[in-house]
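Please open the structure in your viewer and keep the selection panel at hand. The tour below goes from one selection to the next and says what is found at each stop.

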Amino acid sequence: MWRSLWTLVRRDVSLIVMRRQDILTVVAFFIIVTTLFPLAVGPEPEILRALAPGGVWVAAALASLISLDRLFADDWRDGTLEQIVLSHQPLPMVALGKIAAHWLSLGLPLVILSPLLGYSLGLRGFELVVLMGSLALGTPVLSLLGATGAALMLGVRAGGALMALLVLPLYIPVLIIGSGAVSEAMHQAGPYAHLSLLGAMLAIALPLVPLAVAGALRISLD
Amino acid sequence: MVFRRIPWLTFAAPRNFHVLVQVLVPWLVGGAVVLAVAGLYTSFFVAPPDYQQGNSYRILFIHVPAAWMGMFIYLLMAVYGVIHLVWRIRLADMMARSLAPTGALMTFMALWTGALWGAPTWGTYWVWDARLTSTLVLLFLYLGYMALRTAVDDRENGARAASLLALVGAINVPIIYFSVEWWHTLHQGMSVTLTSAPTMAPSMFTALLLMTGACWLYCAAIALRRAQVEVLEREAETQWVRDLIRDGDSRTWDRNATVADARGTIREEGRS
């Protein structure tokens, strides 16, 4: 079972990495959304610094959202997904594998890039570490939650806006706690409570959400 | 067939459900009207003005029940969703579907009356307060639920997808609630809890209870009626609906209804 999971992860990662376009699109989207904040609000460092945790987190959540439609859609269109579902592997495991691959290839670049964007908005030193840490713990949860929406939306026409309506409300707790961690770090308070909460969310979502995703896949492929 | 012994399942058969609704709805509507009249009278003429907020607080007699109903209906919808997913009882799905617009309406009403109350009390129609924000998110959850249902072409698949979404949403509602609560709150603390005596005048509490009862009965009546229409629409091809159209009101139920009736398996096979 672990071997097939590993194979699936490797297959999915190499599929996405081979077609660099997707990664570049998501990363560019992340940067552009972050760039919009100074352009819209004005270049005063004080305001930008106050805005930075939320700005980077909102941009990351939106980037995670737009990357979702590729999660199952390609495999679904060419029939691969159906074959995987029909195979002997437990479906939640398959879902977990696909989500892990998706996060490794599309979520991890955002985490790596985030200190740069945080710096440009005026975060410094330890705050950047906390920003990166909160995103490292938080974006997997976003991928997991979003995967439920992506699985439900398979084969639905005009899915984009509807996907946002389904998934963004579920993102809210992660967004609050994630940007809260960075804000705490900015105000000389320890961000560890927030980071622990993010870790707890990840620990809860990791075993439970794949079950929901598997259910959603079964419904969509029915 | 162990299920057959459980009496409530009798009403999961569409035909029996129709009869049940025919009997129940007039009572529910009547009860809602009586309670609403009594509740409105108590809240406007009996309950004293608040010592801080004067008369403006009186809107909470509709605000609080609406907020309670908005949250409760979402949970109820999720429970029906689970029943539908696990036991494939189609009536549960029809109930969930019928509850959604009412729940969305109640949530919207809670926000609307809250804004009207906030203007004189807080000096603003809207603040990004914890409860307000989580209620707004709840409204979005309702809208997503209804949108997903209409977006999927196949009715049964759409129903199951929506049921799953309601379940995921219901697990998330407390998490959203608490995360928003930690985030920031301005809303006053709860005056009514299950564990301690209410911190308000008895007549205010009576008015609140009456209005809550009225809201409950109204929501039940509306949701049941909506589900009934849905049942008739889906079952339009069947013999009992044809009989109903021919003979008018039918008040007898089929005591031999089984779980297969509830799932519609017999009829599906018969049709194809």
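How many residues does the contact take from chain B, and how many from chain A? Before you select them, bear in mind that this is a predicted model. The contact takes 18 residues from chain A and 21 residues from chain B.

**First stop: the side of chain B that touches chain A**

Select α4 (130-151) and α5 (155-183) of chain B, each of which supplies at least two residues of the side of chain B that touches chain A. Of these helices, look next at α5(B), since the largest share of that side, twelve residues, comes from α5(B). If you colour the side of chain B that touches chain A by class, you will find 16 nonpolar residues, four polar ones and one charged one.

**Second stop: α2 and α4 of chain B**

Keep α4(B) selected and add helix α2 (residues 60-87) of chain B, which packs with α4(B) at an angle of about 45 degrees, the axes being 11 Å apart. Are α2(B) and α4(B) parallel or oblique to each other? Roughly parallel would need an angle under 35 degrees, and α2(B) and α4(B) are therefore oblique to each other. Their crossing is left-handed. To see the contact itself, show Ala67(B), Gly70(B), Met71(B) and Tyr74(B) on α2(B), together with Thr135(B), Leu138(B), Leu141(B) and Tyr142(B) on α4(B). By class, this contact of α2(B) with α4(B) has six nonpolar and two polar residues, and no charged ones.

**Third stop: Ala201 of chain B**

Now select Ala201(B), which you will find in the loop between α5 and α6 (202-234) of chain B. Ala201(B) is partly exposed, because 14 other C-beta atoms lie within 10 Å. Leaving aside neighbours within four places in sequence, Ala201(B) is in contact with Ala47(B) and Pro48(B). Although Ala201(B) and Ala47(B) are 154 residues apart along the chain, their C-alpha atoms are separated by 7.6 Å.

**Last stop: α3 and α7 of chain A**

Move to chain A and select helix α3 (residues 45-67) and helix α7 (residues 126-152), which pack at an angle of about 30 degrees with their axes 10 Å apart. α3(A) and α7(A) are therefore roughly parallel to each other, and their crossing is right-handed. Among the residues that make this contact are Pro53(A), Val56(A) and Ala60(A) of α3(A), and Leu131(A), Leu135(A) and Thr139(A) of α7(A). By class, the contact of α3(A) with α7(A) has eight nonpolar, four polar and no charged residues.

Conventions:
Residues numbered from 1 in each chain as written. Chains lettered and ligands numbered in written order. Predicted model: local features only at pLDDT ≥ 70, side-chain atom pairs only at ≥ 80, totals over all residues. Contact = placed C-beta atoms within 7 Å. Helix = DSSP H or I, 4+ residues; strand = E, 2+ residues; numbered from the N terminus. Nonpolar A, V, L, I, M, F, W, Y, C, P; charged D, E, K, R; others polar. Axes fitted to C-alpha atoms, helices over the stretch in contact; angles between N-to-C directions. Parallel < 35°, antiparallel > 145°, perpendicular 65-115°, else oblique. Left-handed = near helix turned anticlockwise from the far one by under 90°. Buried ≥ 20, exposed ≤ 12 C-beta atoms within 10 Å, placed from the backbone.
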